[in-house]
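User: Here is a chain to go through. Please justify the labels put on its aromatic rings.

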Amino acid sequence: MRITGITTHVVGTPWRNLTYVLVHTDEGLTGVGETRMLGRTDALLGYLREAEANHIAGSDPFAVEDLVRRMKYGDFGRAGEIVMSGIAVVETACWDIKGKALGVPVWQLLGGRVTERVPAYANGWYTTERTPEAYHEAARGVVARGYRALKLDPFGAGRLELDPAASRYAISLVEAVRDAIGPDTELMVEMHGRFSPATAIRLARELAPFRPAWLEEPVPPENLKALAKVAGKTELAIATGERIHDRIEFRELFESQAADVIQPDVGHIGGILEARKLAATAETHYVTVAPHNVGGSVLTAASLQLAACTPNFKVLEHFNDFADAEIKNVVRGAPEIDPETGCFPLSYAPGLGVELDVDAAAAFPQQRARFDLWAEGWEKRRPK
């Protein structure tokens, strides 16, 4: 079996574009992969055109390791977000082809299942007025849909510092959400790399009474010593990693012992097997894995394949019940949580278990999508 070529399909929303890649073979099997780029979709499409000619066309889709190696190192320049995302969509599609050809789900090819269901947490649910009352009502709606965990960034457009009034207001939002969801629902607090260590440490202390499951990216991700400083001053778990695009770059993070939870994005870190290798390394450092997952249903399905065979998997992020829920319509077999458990059931379908509906995708053309975390009202995800 050989790859004959790829086709790309961009599904657009005002704040994000989702890029789907179909990998075609000479035996009629087609696999699908997905990633989400912010402000770099055209660059990704350009890279994929070159990679198709240089690396992808004519390759054996079963030889995943070889194809990833050639795409990552065969152009000599260091692979960053765009290249690793391009690798990810093609790599994921190859696993989809391999599973379909063999009649088994991808997780069966990566060591077999360790669970029957994957816990989920909701994100994208707080695109409402930024008031305690509105957040309380929205959080109750999340729990009513069966979720046992949710995440929010309550800090507005804060950057480095947060004055006393803004801090009290942010804490009031968290307090309202905790009151709405009760003591047993997990509450993750996102900081989006906003703060200096001193500010993050102070906010961690003020958040502690509401028992966050983790603090996510409390400081900008480039400085691991700053992250370690925060981790050393709080008993709350620290999560990070969505903006690291190569598993090798996690080495210093593990050595620092600054993170309790890592959050690789399967669509940015080179795909399913690359993420599985990273998870195995995390396990040796007693670190759990909770992938960043703000894409659509194909990326969710790929992340669930990873979850099924990963012993130290914690929970999977899910946007698409709340933000741009209609984009689930472009994927047949889109994963859904079970409202009785708050989990995704394990899929036993061959490959990823999903298919891109190209005609449905055409109803969501590429947009000039923007997501500026430093702008007022960013949380509504309605860019002007």
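The turns below deal with ring pairs and with charges over rings in this predicted model.

User: How many aromatic pairs are there by the distance rule?

Analyst: The count is twelve aromatic pairs. One of them joins Trp15 and Phe319.

User: Why is the pair of Trp15 and Phe319 called tilted?

Analyst: The centres of Trp15 and Phe319 are 5.7 Å apart, and a pair needs centres within 6.5 Å. The planes of the two rings make 35°. Stacked requires under 30 degrees and edge-to-face over 60, so the remaining label, tilted, applies.

User: What makes this a link between distant parts of the chain?

Analyst: Trp15 lies in the loop between β1 (3–12) and β2 (17–25), Phe319 in the loop between β11 (316–318) and β12 (331–332), and the two are 304 residues apart.

User: Are Trp15 and Phe319 buried or exposed?

Analyst: Buried means under 20% relative accessible area. Trp15 has 3%, so Trp15 is buried. Phe319 has 2%, so Phe319 is buried.

User: Why is the pair of Trp125 and Tyr135 called edge-to-face?

Analyst: The ring planes of Trp125 and Tyr135 stand at 65° with centres 6.0 Å apart. Edge-to-face needs over 60 degrees, so the label follows. Trp125 is in the loop between β4 (117–122) and α5 (132–144), while Tyr135 is in helix α5.

User: How do you know that a charge sits over the ring of Trp374?

Analyst: The charged end of Arg159 is 4.3 Å from the centre of the Trp374 ring and sits over that ring; the distance limit is within 6 Å.

Methods: Residues are numbered from 1 along each chain as its sequence is written. This is a predicted model: local features need pLDDT of at least 70, side-chain atom pairs count only at pLDDT 80 or more; totals for chains, interfaces and linings use all residues. Side-chain values use heavy atoms; hydrogens and water are left out. Helices (H or I, at least four residues) and strands (E, at least two) are DSSP runs, numbered from the N terminus. Buried means under 20% relative accessible area, exposed over 50%, partly exposed in between (1.4 Å probe, protein chains only). A charge sits over a ring if NZ of Lys or CZ of Arg is within 6 Å of the ring centre and within 35 degrees of the ring normal.
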